[in-house]
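Subject: Structure handover

Hello,

The structure we talked about is below, followed by notes on what was found in it. Please read the notes with the structure open beside them.

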Amino acid sequence: MAAENPVESLREEATCPICLEYFTEPVILECGHNFCQACIRQFWEGSDTAASCPQCRETVQQRNLKPNRQLANMVEIAKRLSLQAAKGAGADGVCGKHQEALKLFCEEDQTPICVVCDRSWAHRTHTVVPILEAAQEYKERIQAHLKTLREEREKLLGLKATAEGKSQENLKQMQTERQKIVSEFHQLQQFLEEQERLLLAQLEKLDEEIVRIQDENVSKLSEQISRLSELISEMEGKCQKPASEFLQDMRSTLIRCEKGKFHQPEEISPELEERVSGFSQNTIVLLEILGKFKDTLPSALETKRGGSLGTFRQANVTLDPDTAHPQLVLSEDGKSVRCGNIRQRLPNNPERFDSWACVLGCEGFTSGRHCWEVEVGVGGGGGWAVGVARESVGRKGRISRSPEGGIWAVEWWLGQFQALTSPETPLPLSRVPSRIRVCLDCDRGQVTFIDAGDEAPIFTFPPGSVPGERIRPWLWVGVGGSQLRLCP
């Protein structure tokens with residue numbers, strides 16, 4: 001049946017029965033049917049029988065194909081009319097190949113097609129649905145994705161807002177810290193300037209006192225030298241006179257010689273010497289304090305950088321069982337140690353401590369900056385110590401737990417928290433922490449201890465005190481002491 005739409009009817013008349021697309025170089029057979037020249041030649045190709053019309057099967061006596069120019073013109077008119085009809089109907093698009101409205105959607109190729117494409121070999125076996133139905137279905141699917149994407153966007157916006165809020169809080173905190181630092185250093189500067197002024201004033205008074213005494217002594221000595229020179233000259237002249245004249249007034253002459261004896265000048269009083277000595281001692285102490293302050297402050301600041309370990313690399317320390325004293329009990333993972341009640345039967349290898357209940361870390365450091373944390377608990381009846389030791393530290397017999405013995409550590413012992421600066425006189429420290437961060441700077445030869453709880457500096461062995469050899473973590477646990485645990 002002919003299509004009711006004239007444009008559709010014209011399109012069908014302009015379609016090749018073989019390829020089902022618009023005629024390309026149409027030719028007419030003797031029977032009056034038309035085909036694309038390429039289509040009919042391909043249809044007849046390889047056939048040994050007489051040629052026949054593909055549409056009516058009528059035998060064609062001659063293979064002379066006559067071009068149908070009128071049909072070719074009509075095909076062009078049909079294409080233009082289909083394009084105008086599609087635009088007039090407000091279609092979503094036009095097929096670029098057939099100039100037909102895109103009314104269908106191919107599910108396999110996921111693309112809009114026209115009705116001519118639908119009848120072509122390319123889409124004949126594909127699932128095709130009306131384009132409006134496909135659009136509705138895919139809109140629903142896209143809307144579902146849009147919901148998820150919007151939710152993700154809201155999450156990201158929330159994270160962004162949170163990050164910006166934290167950044168603002170951090171910036172505000174940094175501003176507060178900046179003001180604190182400026183204020184504290186300003187006060188410190190004022191204090192140091194005032195101390196400098198007072199010390200220089202005291203020094204000026206001592207200078208004046210010493211100069212006064214010196215001037216008085218020089219003046220008195222000069223006066224005595226002049227008087228004695230005159231007396232000597234007079235006595236020398238008297239000695240040249242005759243005896244009778246020389247012996248006249250001899251009593252007066254002797255008295256004058258007695259009075260002309262040298263008188264000791266005023267010495268610096270013991271009080272003044274004590275003041276000078278005390279001032280010198282105070283100066284030495286002050287310079288030592290300032291020197292330690294300059295050495296300790298940069299290290300303390302570097303190791304206390306906001307809990308991020310600053311420029312120190314966090315070391316994954318485990319304990320070396322070959323060095324552990326036989327009475328020490330190590331965990332399977334090598335992260336904790338306690339002192340048992342009995343001495344284990346272990347080989348007495350050269351690496352093992354046999355007197356003090358010590359153990360070394362497996363890791364050794366020769367360069368760089370490294371840190372690790374040890375959980376010590378609070379107090380501990382038997383005592384404990386945390387620090388570092390050189391590789392060559394003594395292992396047999398009683399050892400010196402001090403820098404002289406190759407150990408740099410802090411300890412809790414008999415209710416006292418102290419730095420092991422020397423075997424005889426350890427340096428008392430403030431409150432004992434529950435977790436200690438050990439910061440080893442191999443390049444500077446320095447080790448610093450930090451309270452890992454509040455980032456407060458505990459003690460620093462000054463630069464150059466740790467030798468330039470392999471350094472290992474070191475622990476000591478007394479009988480009944482707390483269990484020490486290396487923190488992850």
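E21 has a relative accessible area of 19%, and since buried means under 20%, E21 counts as buried. Please keep in mind here and below that this is a predicted model. E21 sits in the loop that runs between α1 (6–13) and β1 (26–28). What does E21 touch, once its neighbours within four places in sequence are left aside? The contacts of E21 are A14, T15, C16, K97, H98, V116 and S120.

The whole protein

The protein has eight helices and 20 strands. Of its 488 residues, 34% are buried. Among contacts with a separation of 6 or more, 58% are between residues 24 or more positions apart.

The sheet with β1

Strand β1, which follows the loop of E21, belongs to an open sheet of three strands in the order β2-β1-β3, with antiparallel pairing. The edge strands, β2 (34–36) and β3 (66–67), each pair on one side only. Strands of a sheet pair through backbone hydrogen bonds, either parallel or antiparallel. Between β1 and β3 there are two bridges, and these strands run antiparallel. The residue opposite V27 is P67 in β3. Helix α2 (residues 37–44) lies across β1 and β2 and runs at about 90° to β2.

The six-strand sheet

A second sheet to look at is open and has six strands, in the order β10-β19-β12-β13-β14-β15, with antiparallel pairing. Its edge strands are β10 (358–360) and β15 (427–428), and each pairs on one side only. Which residue stands opposite Q418 in β15? That residue is P428. The strands concerned, β14 and β15, are joined by two bridges and run antiparallel.

The hairpin of β8 and β9

Strand β8 (residues 328–330) and strand β9 (residues 336–339) run antiparallel and are joined by three bridges. L328 stands opposite C339 in β9. Five residues lie between the strands of this hairpin, where G334 takes a positive phi near 70°. Strand β9 also pairs with strand β20 (residues 484–486), over two bridges and in the antiparallel sense. In that pairing, V337 has L484 in β20 as its bridge partner.

T318 is found before this hairpin, in the loop between β7 (313–314) and β8. Is T318 buried, exposed or partly exposed? The relative accessible area of T318 is 21%, and because buried means under 20% and exposed over 50%, T318 is partly exposed. Leaving aside neighbours within four places in sequence, T318 is in contact with D333, G334, K335, G361, C362, E363 and L486. One of these is G334, the hairpin residue with the positive phi. The C-alpha atoms of T318 and S336 are separated by 8.5 Å, although these residues are 18 apart along the chain.

The cavity

How many cavities of 30 Å³ or more are there? The count comes to one. The largest cavity holds about 40 Å³ of space. Its lining is made up of V317, L319, G361, W372, G387, P473, W474, L475 and L486. By class, seven lining residues are nonpolar, two are polar and none is charged. Strand β19 (residues 471–477) gives the most to the lining, with three residues. Strand β19 is also part of the six-strand sheet. Two of the lining residues, G361 and L486, are among the contacts of T318.

Two residues with positive phi

L414 is not a glycine, yet its phi is positive, at about 55°. L414 lies in the loop between β13 (407–413) and β14 (416–419). Its relative accessibility is 69%, and because exposed means over 50%, L414 counts as exposed.

E455 is not a glycine either, and has a positive phi of about 65°. Where is E455 found? E455 lies in the loop between β17 (446–451) and β18 (456–461). With a relative accessible area of 15%, which is under the 20% limit, E455 is buried.

Regards

Technical notes. Residues numbered from 1 in each chain as written. Predicted model: local features only at pLDDT ≥ 70, side-chain atom pairs only at ≥ 80, totals over all residues. Heavy atoms only, no water. Helix = DSSP H or I, 4+ residues; strand = E, 2+ residues; numbered from the N terminus. Buried < 20%, exposed > 50% of the residue type's maximum accessible area, 1.4 Å probe, protein only. Contact = heavy atoms within 4.5 Å. 1 Å grid on protein atoms, 1.4 Å probe; cavity = no way out; pocket = protein on both sides within 12 Å on 5 of 7 lines; lining within 4 Å. Points joined across faces, edges and corners; volume = space filled by probe spheres on them. Nonpolar A, V, L, I, M, F, W, Y, C, P; charged D, E, K, R; others polar. Pairing = 2+ DSSP bridges. Axes fitted to C-alpha atoms, helices over the stretch in contact; angles between N-to-C directions.
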